[in-house]
Amino acid sequence: MKTLHLFFAGILLWLATATAFAQSDEWERLIAEAGSLHQQGQYEKALTFARQALEVAEKTVGPEHPNTATSLLAMGLLYKDLGQLDKVEPLYQRALAINEKVLDPEHPDVALSLNNLATLYLAQSQYAKAESFHKRALAIREKALGPDHPDVAQSLNNLAVLYSDQAQYTQAQSFHERALIIWEKSLGPEHPHVATSLDNLANLYHHQGQYTKAEPLYLQSLTIREKVLGPEHPDVAVSLNNSAMLYRAQGQYAKAELLYERALTILEKALGPDDPKVATALDNLSQLYQVQGQYTKAQPLLKRALLIREKALGAEHPDVALSLNNLAGLYINQGQYAKAESFNLRALAIWEKSLGPEHPLVAISLLNAAKNLWAQGGAGNMTRALELFERANTIREHHLKLMMAKGSEQDKRDYMATIEKDPFIMTTFHRALPDNTQAARLALTTVLQHKGRLLDAVTQSVMALRQRMNPQDQALLDQLEAVNGERSDLFNRLQHGKIDREAYTQRNKELETQADALEAKISAHSAEFTAQTKPITLAAVQQAIPQDTVLVEYLRYQPFNPKASKEADKYAPVRYIAYLLRATGDPVSVELGDAALIDPLVEQFRRALAHPHGGAVHAIARKLDAAIMQSVRAVLGDTKTVLISPDGALNLIPFAALQDEHNRYLVENYRFTYVSSGRDLLRLEVPIESGELPVFFAGVDFGSPQNPNEAIQPAQDDKNRRASDYRQQFASLPGTQAEAKAIGQILPSAQFFFGPDASETKLKQLDHPQILHLATHGFFLADLPESAKAGRGVSWMGVTETTPKPAHPAAMDNPLLRSGLALANANQLRSGDEDGLLTALEVTALDLWGTQLVVLSACETGVGEIQNGQGVFGLRRALVIAGSETQVMSLWKVDDDGTQELMVDYYQRLLNHEGRSDAMRQTQLAMLASDNRHHPYYWASFIVSGDWKPMEKRTTDKTQLILNWQN
């Protein structure tokens, strides 16, 4: 018998290599004709020839011959294509029985029979049976055909689809990638199986929100299929449908509609009006209409899809649940809540039974059912809705934890974007039940699980490798450090005109791809550790809060409206809310108001703080306090120690400089420490061994400018400040050397790097010192946000533009490249093998695990690009990833002399065993009481983020207070 391969739905091979015991020209002709018609998508005609082939085989070679088994497989495959699943299993089982009887049990034809049965069971959502048969088939094929055979790729692909359907994305991706490599190598880059592999891998990315990765694969798959199979083939429709789904998710509705309609036309013509694939096309097109509010167009398509699926797949199939879920959403949007409820609950029951209780679709069904009950209102419905929301959140957190343990940082970011509205929904639901403590706990738990999660995930991955460091782990970190170093150097050269934008963009894209791959490997190496981390619960966070302390968790959110009929109306304009949590008891929420009113106040406050001789600071400090802290203070009561977890624009202000209703600065009554999220407290509970000595960089010799005649002197306001536009020259900072020498009198055992020795190379060679103090110029290139481009006068980077301006050249660049520190020879962009400009991206590679305190005695080291819910992307974030426990950073351009005074006093208080936050507060109070430093410009710029407790000396055996710094 000849070797014959045919293509089905991008997944199956029509026939694997088989050995016949006899030849039959008639049988070969019939089976070949069936295969040709199948490849053209003419399944009914193909079935006629397959039946005739079976009759010929049974007559000429007998009922238990491999040719008979092949004919049975062909018929079963065609019935499956036609959606007549009830006729498939007997044919497949009979074929398997024949092959197992007459062939070796490890023959490839036995694997083919196993494979086809497995795909049937997968279509019926019998996942355990499907996995068992697929694994058996894969083992046979690898042994009989070798690891690089196309049939091995088929088994890998099918297993990947199975794992993807069960949301086991990590396993699915590795199988998909291996299958793609085999098929491209063995069949060529334009084979239909390659298109299938590309399509399936793109689907995997799509499910995880990685749209930029999915789109080119979808397009490549479509191109191959149109070229090889023709524009009217059903598999072309599959590619069109998948591309349309991606465009719909991205809001490109017109583009999506054209592709959906074309896919539907092809499928109806090729497969008939009642095929399950037609139902999928109908369902997807209806979802597009629904998201646009075109309900009269959507409803008949949804109903037709449901009828097709129930008839072809059975009433308990997961795809039937999908139609039910989508119909429920339509009825909710139309205000038919009672009607929607029955559809919601039926979909939920099917998905729980067929997919298991922890599948992401179960969570979606729970969320939809809860929103429906919420929209109906009433005490009973709200109680039931709360229970469903809690179940949904448990499932979402389970998968969020899995997704945060894999892939690059961008992969993690993409996934989080798919569920970013969950805290908004839970917070709004709590607002609807303001006196319900269970709802309050659910809302805050969701906030703690999401806010700052990216930073936490990246930090955990690096920490896992640092803790168990082996040569392989070290090599990965070294490679990532080298790639990010080149990215930073490339960016700095761009800003100084040493490379054109086109060359920069091309090389930077290559480096970003390398960095993503290395980050994914680092995540994979640390996944075991990450999986063992404790779950994020409210109780765990409360246990980490001291008895005399309150955590204030701010959230910038959009209230959700469960009764909104249009997608655009479901989320209201942005607001701020604060949740207060103590070591015991339930959280308390304080609604603060519209962000459109608060954010401009933040900007005014920052502008006032940045000018030491301006008198406007008092009025705006009082006004902003009334907006974001006065109502919070009413809940604080007598508590004076506050952990602040800001969000949005609030990341850029010192709460200590706000003024209460008695015109007193809050620093006079409260001790503030900043955290990215209350979840940070869990990480800070684990002390890590630190180095012995404090290390100081100061009095940096920035070198003379490369072109002295073109050097631009700093503006008058920037003189004597530790900041400069880093595209110009860096002026010397004599105060920093005086600062370091003064602190050296307090800490004579410290190690100091001055002048040309204060280099980027020396800094990168450090091994987790106990303290790292960097007194130098800071730089921050503020991007131009969309709000500023529109002339609205709001910015997340502390820069307000009231008229449109051209975007900064760095507008689309990594925010960690746009902030950093200047070190030796920065003016010449040459310091040994480095350029003297240490970007935040390079800081992430420093080994600061166990470093208890990093002080950035420079300008604007605490600012950066704010990404709502994920904090400040700049040096602040980089230092946490590098492992430091506590960061002292500035929020504006600081005075050289004033900073020297502040830092010397701060270290003296640390030596007196004051806490890392309290020492800063006492220093600020002393400056406030002085004659010449009382303006908050001098004392309020520096904030303390992270661990607030006194410094400790840590060894592997014990922990004790530092009592011998001066010895």
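Just after helix 7, Ala167 takes a positive phi of about 65 degrees in this predicted model. The helix that precedes this residue, helix 7, comprises residues 150-165, and its 16 residues reach 23 Å from the first C-alpha to the last, close to the 22 Å expected at 1.5 Å a residue. Helix 7 is also mostly covered, with 15 of its 16 residues buried.

A positive phi is likewise found after helix 2, where the residue concerned is Gly62, with a value near 105 degrees. Helix 2 spans residues 43-60, and because 18 residues at 1.5 Å a residue should span 26 Å, the 25 Å that separates its end C-alpha atoms agrees with the expected value. The buried residues of helix 2 include Tyr43, Ala46, Leu47 and Ala50 in its earlier part of the list, together with Ala53, Leu54, Val56 and Ala57. The elements that cover these buried residues include helix 1 (25-39) and helix 3 (66-81), as well as helix 11 (234-249) and helix 12 (253-271).

A further buried position is provided by His206, which lies in helix 9 (residues 192-207). The relative accessible area of His206 is 13%, and because buried means under 20%, this residue is classed as buried. When its neighbours within four places in sequence are left aside, His206 is in contact with Tyr211, Ala214 and Tyr218, and also with Met245, Leu246 and Ala249.

Among the strands, strand 4 (residues 575-581) has six of its seven residues buried, and it is therefore largely enclosed by the rest of the structure. Strand 4 pairs with strand 3 (residues 549-557) in the antiparallel sense, over seven bridges, and within this pairing Leu555 stands opposite Ile577 of strand 4. Strand 4 is also joined to strand 5 (residues 588-594), again in an antiparallel arrangement, by six bridges; here Tyr579 has Ser589, in strand 5, as its bridge partner. In a regular strand the side chains alternate between the two faces of the sheet. The hairpin formed by strand 4 and strand 5 has six residues between the strands, and in this hairpin Gly585 takes a positive phi near 95 degrees.

Technical notes. Residues numbered from 1 in each chain as written. Predicted model: local features only at pLDDT ≥ 70, side-chain atom pairs only at ≥ 80, totals over all residues. Heavy atoms only, no water. Helix = DSSP H or I, 4+ residues; strand = E, 2+ residues; numbered from the N terminus. Expected span 1.5 Å × (residues − 1). Buried < 20%, exposed > 50% of the residue type's maximum accessible area, 1.4 Å probe, protein only. Contact = heavy atoms within 4.5 Å. Pairing = 2+ DSSP bridges.
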